[in-house]
Amino acid sequence: MAELRGALIGCGFFAVNQMHAWRDIEGASIVAICDRGPDRLRIVGDQFGITKRYIDAAELFADESLDFVDIATTAPSHRPLVEMAARYRVPVICQKPFAPTLADAKAMVKACADAGVPLMVHENFRWQSPIQAVRAVLDSGKIGTPFFGRISFRSAHDVFSGQPYLAKGKRFIIEDLGIHSLDIARFLLGDVSTITTRTARINPDIAGEDVATMLMDHKNGATSVVDCSYATKLAVEPFPETLIEIDGSDGTIRLAQGYRLTVTGKSGTKILDVSPPLLPWASRPWHNIQESVVAIQQHWVDCLAKGTEPATSGADNLQTFALVEAAYLGAASHEPVHLDALL
Ligand code: NAD
Ligand code: 89V
């Protein structure tokens with residue numbers, strides 16, 4: 001099969017990882033890039049040897065013959081760019097958070113469905129190899145039927161130096177980081193019927209919440225707690241590890257700091273090191289996330305080749321995005337929120 005011709009829109013902080021990952025991936029390459037900022041366009045174009053450079057996404061779509069577009073801008077531009085891709089019938093990857101609102105996200109899914117265009121949200125955390133290892137244990141049946149889960153991300157890492165916009169939004173940790181944890185909870189324990197949320201802002205220099213605790217009822221009867229914090233100072237900084245506890249009818253799974261996976265089942269306990277590989281272009285502690293970028297982008301290429309729906313398709317991500325909206329509604333009202341009312 002001929003290599004797929006892709007374009008990247010948005011050449012900012014995180015896009016560099018996506019560009020590195022595209023170089024590692026079989027079956028696709030980036031032939032053009034776009035950023036409304038000339039400096040970022042030049043820096044990323046020079047770093048990755050891309051000569052076709054556009055300031056305006058409309059010109060990119062009009063001039064290039066593309067098999068897909070990878071949107072790595074921040075949320076406010078996602079809807080117009082995804083809808084532009086749908087108009088040009090170009091399959092599209094969109095970074096998380098999918099959109100500023102659930103109404104926008106639904107409209108984007110509809111625009112792509114109406115145009116017959118594949119749409120994947122770049123929701124990469126579930127593709128981290130330690131998270132995939134947890135899922136593999138669940139699938140093996142070793143712990144029986146899961147009835148409780150805890151998905152935890154607690155850190156004091158300074159995310160604002162690399163992503164200054166995170167300090168300015170009225171919404172912060174649920175929309176930016178909790179969205180990944182909520183998606184992991186769905187990935188491991190299934191869709192959710194009800195969520196109850198409490199939030200706090202500990203850092204006085206930011207506009208949004210930096211602590212969130214969410215209690216969820218899953219449709220299969222399991223209960224989970226998703227907790228995240230950027231105000232938690234620990235002896236050894238765990239960023240960006242997601243820690244997981246799952247209790248099942250026959251045993252337990254614990255993914256502990258340092259990528260240590262402990263599985264207890266009927267035949268005893270096994271402890272495994274599930275550390276992600278350090279790719280040649282990656283840097284600690286981001287290597288965990290960087291590896292997952294390769295995995296999700298390879299999944300996209302495989303799905304396009306086979307004509308199958310990506311695991312984190314736009315339609316799938318509406319379920320995760322609805323949890324974000326529901327969490328903010330519940331944090332404001334102090335009431336549980338039913339997901340069916342939003343979807
Ligand atoms: P950034 O601000 O550093 O980069 C965004 C770039 O997009 C900027 O260079 C900007 O000029 C450009 N841009 C914005 N609107 C545009 C438009 N209409 N046309 C062309 N260019 C446009 O942001 P970032 O930190 O790289 O984050 C980008 C996205 O990636 C965000 O949605 C963020 O949440 C997400 N992100 C995801 C992960 C992950 O692990 N999945 C990690 C970090 C960031
Ligand atoms: O994954 C993300 O979306 C990033 C970070 C890990 C820093 O929260 O914004």
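Visitor: What is the order of the strands in the open sheet of six, and in which sense do they pair, parallel or antiparallel?

Guide: In this predicted model, the order is E3-E2-E1-E4-E5-E6, and the pairing is parallel.

Visitor: What makes E3 and E6 the edge strands of that sheet?

Guide: Strand E3 (53-54) and strand E6 (119-122) each pair on one side only.

Visitor: How do you know that E1 and E4 count as paired strands?

Guide: The criterion is at least two bridges between the strands. Strand E1 (residues 4-9) and strand E4 (residues 68-71) are joined by four bridges and run parallel, so the criterion is met. Within this pair, Leu8 stands opposite Asp70 of E4.

Visitor: What is the pairing of the open sheet formed by nine strands, and what is their order?

Guide: Its pairing is mixed, and the order reads E14-E13-E12-E11-E7-E10-E9-E8-E15.

Visitor: Why do E14 and E15 stand at the edges?

Guide: Strand E14 (268-273) and E15 each have a single partner strand, so each has one side without a neighbour in the sheet.

Visitor: What makes E8 and E15 a pair, given the number of bridges?

Guide: Strand E8 and strand E15 (residues 337-338) are joined in the antiparallel sense by two bridges. At least two are required, so E8 and E15 qualify as a pair. Ile195 has Val337 of E15 as its bridge partner. On E9 (residues 211-218), by contrast, E8 (residues 192-200) has an antiparallel partner over eight bridges, and Thr197 has Met214 as its bridge partner there.

Visitor: Which strands show why the pairing of this sheet is called mixed, rather than parallel or antiparallel throughout?

Guide: E8 and E9 pair in the antiparallel sense, whereas E7 and strand E10 (residues 223-229) run parallel and are joined by seven bridges. One bridge of the latter pair links Ile151 with Val226 in E10.

Visitor: Why is Phe153 called buried or exposed?

Guide: Phe153 has 24 other C-beta atoms within 10 Å of its own. A residue is buried at 20 or more, so Phe153 is classed as buried. Its place is in strand E7 (residues 146-154). Beyond its neighbours within four places in sequence, Phe153 is in contact with Leu177, Ser181, Cys228 and Thr242. Phe153 and Phe239 are 86 residues apart in sequence, with 8.0 Å between their C-alpha atoms.

Visitor: Why is Leu279 placed in a class of its own terms, buried, partly exposed or exposed?

Guide: The count for Leu279 is 16 other C-beta atoms within 10 Å. Buried would need 20 or more and exposed 12 or fewer, so Leu279 is partly exposed. Leu279 lies in the loop between E14 and helix H8 (287-306). Apart from residues up to four places away in sequence, Leu279 touches His287, Gln290, Glu291 and Val294. Leu279 and Arg79 are 200 residues apart in sequence and 32 Å apart in space, C-alpha to C-alpha.

Visitor: How do you know whether the radius of gyration agrees with that of a compact globule?

Guide: For 343 residues, a compact globule would have a value near 20 Å; the protein has 20 Å, and therefore the two agree. Along the principal axes, the C-alpha atoms fill a box of roughly 60 × 45 × 40 Å. Of the 343 residues, 45% are buried.

Visitor: Into which domains is the protein divided, and how many residues take part in the contact?

Guide: The division is into domain 1 (4-117) and domain 2 (126-281 + 320-341). The contact involves eight residues of domain 1 and ten residues of domain 2. On the side of domain 1 that touches domain 2, five residues are nonpolar, two are polar and one is charged. The centres of the two domains, taken over C-alpha atoms, are separated by 28 Å.

Visitor: What shows where the shell around ligand 1 draws its residues from?

Guide: Each of domain 1 and domain 2 supplies at least three residues to that shell. There are 28 residues around ligand 1, of which Gly10, Gly12, Phe13, Phe14 and Thr73 come nearest. By class, the shell holds 13 nonpolar, ten polar and five charged residues.

Visitor: Which residues are around ligand 2, and how do they divide by class?

Guide: Val159, Gln163, Asp176, Leu177, His180 and Pro240 are around ligand 2. Three are nonpolar, two are polar and one is charged. Val159, Leu177 and Pro240 count as nonpolar, Gln163 and His180 as polar, and Asp176 as charged.

Methods. Residues are numbered from 1 along each chain as its sequence is written. Chains are lettered from A and ligands numbered from 1 in the order in which they are written. This is a predicted model: local features need pLDDT of at least 70, side-chain atom pairs count only at pLDDT 80 or more; totals for chains, interfaces and linings use all residues. The radius of gyration is taken over C-alpha atoms; the globule rule is 2.2 Å times the number of residues to the power 0.38. Two residues are in contact if their C-beta atoms, placed from the backbone, lie within 7 Å. Domain bounds come from an automatic or database domain assignment. A residue is near a molecule or strand if its C-beta atom, placed from the backbone, lies within 6 Å of it.
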